[in-house]
Amino acid sequence: MTLRLPDISTRELAAIRARVRRWFGKNGRSFPWRETRDPYRVLMAEMLLRRTTATAVSRVYLGFIEQFPSISVLAGAPVSSISAAVESLGLQEVRAKQLKAAAVQISMQHSGSIPHDAGELESLPGVGEYVSSAVLNFAFGQPVPLIDGNVLHFISRLFGVKFSDRSSAEVRELVSRLGGRRHEPELYWGIIDLVSSICLRKKPRCSRCPVESFCRSRGSDSRAV
Ligand code: SF4
């Protein structure tokens, strides 16, 4: 089904982008994986962040990196020790097998270097389009749009359209325009943090939202999309 996008000017999108980035600069959360561009550390963070919260990952991340500081160490580690390191995140057996298999594949096919090509990244076990895009953007500085459940929720509320398919052409077009030329990490981190603290799924705190004046769903939660 083709959704009709609301009229949104390039100027409006630039203003929204600037406000989210400014809000993030003052209010954004600090996580160790946001302080690095090391492709290995970024890839590990994004793989760990699937199906859990950033807070949960922050409790195990530095210990994980200390125990498995490189692709070669991770590739040679027993699944049981990887599983123990990520146990508190849940799904530890699946996570551990995918982390090890990805490390083995990177060792064998890419001489231990994290690939910077979407197709090669997405061929790794446990790496889908979002993780691949996050690595390309956050680690390699490529202006790649990122679309996950947080972004989908945020743009649905902001533009008053119920987007449910993150791979739809409409969503891709809107996020591509919202990200501007650079698709800076701070925009996406800002959206993630806004959704976790202000644009809450049950009861958004619109009066504290930096983009309230642009939002088609602002006001009571019953009006939110
Ligand atoms: S104004 Fe409210 S509904 Fe709109 S993006 Fe902000 S918090 Fe979400």
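This is a short tour of a predicted model, with suggestions for what to select at each stop.

**Stop 1: the ligand**

Start by selecting the ligand, which sits in the largest cavity. Now bring up the residues around it: Arg157, Ile198, Cys199, Pro204, Cys206, Cys209, Glu212, Cys215 and Arg218. What does this shell look like by class? It has six nonpolar residues, three charged ones and no polar ones. Keep Arg157 on screen, since that residue leads to the next stop.

**Stop 2: helix H9**

Select residues 149-159, which make up helix H9. How many of the eleven residues of H9 are buried? Nine of them are, so call this helix mostly covered. The buried ones are Val151, Leu152, His153, Phe154, Ile155, Ser156, Arg157, Leu158 and Phe159. So Arg157, one of the residues around the ligand, is also on the buried list of H9.

To see what does the covering, show H1, helix H10 (169-178) and helix H11 (185-197), which are included in what covers the buried residues of H9.

**Stop 3: Ile8**

Go next to Ile8, in the segment before H1. Is this residue buried or exposed? At 7% relative accessibility, Ile8 counts as buried, because the cut-off is under 20%. Leaving out residues up to four places away in sequence, Ile8 touches Leu13, Phe159, Leu174, Arg177 and Arg216. Phe159 is one you have already met, among the buried residues of H9.

If you want a distance to draw, try Ile8 to Ala118: their C-alpha atoms are separated by 29 Å, and the two residues are 110 apart along the chain.

**Stop 4: the aromatic rings**

Time for the rings. The whole structure has five aromatic pairs. Select Phe31 and Trp33 to see a stacked pair, with 4.7 Å from centre to centre and 5° between the planes. Both of these residues are buried.

Now keep Trp33 and add Tyr61. How are these two rings arranged? Their centres are 5.3 Å apart and their planes are at 75°, so this pair is edge-to-face. The pair links distant parts of the chain, 28 residues apart: Trp33 is in the loop between helix H1 (10-27) and helix H2 (39-48), while Tyr61 is in helix H3 (residues 54-67). Trp33 has 5% relative accessibility, and Tyr61, with a relative accessible area of 1%, is buried too.

For a last selection, pick Phe24, Phe138 and Trp189, which ring pairs link into a cluster.

Technical notes. Residues are numbered from 1 along each chain as its sequence is written. This is a predicted model: local features need pLDDT of at least 70, side-chain atom pairs count only at pLDDT 80 or more; totals for chains, interfaces and linings use all residues. Side-chain values use heavy atoms; hydrogens and water are left out. Rings of Phe, Tyr and Trp (its six-membered ring) pair if their centres lie within 6.5 Å; planes under 30 degrees apart count as stacked, over 60 as edge-to-face and the rest as tilted. Buried means under 20% relative accessible area, exposed over 50%, partly exposed in between (1.4 Å probe, protein chains only). Helices (H or I, at least four residues) and strands (E, at least two) are DSSP runs, numbered from the N terminus. A residue is near a molecule or strand if one of its heavy atoms lies within 4 Å of it. On a 1 Å grid over the protein atoms alone, a cavity is a set of points where a 1.4 Å probe fits but cannot get out, and a pocket is an open set with protein on both sides within 12 Å along at least five of seven lines; lining residues have an atom within 4 Å of a point. A molecule sits in a cavity or pocket if more than half of its atoms lie within 2 Å of its grid points. Ala, Val, Leu, Ile, Met, Phe, Trp, Tyr, Cys and Pro count as nonpolar, Asp, Glu, Lys and Arg as charged, and the others, Gly among them, as polar. Contact means heavy atoms within 4.5 Å.
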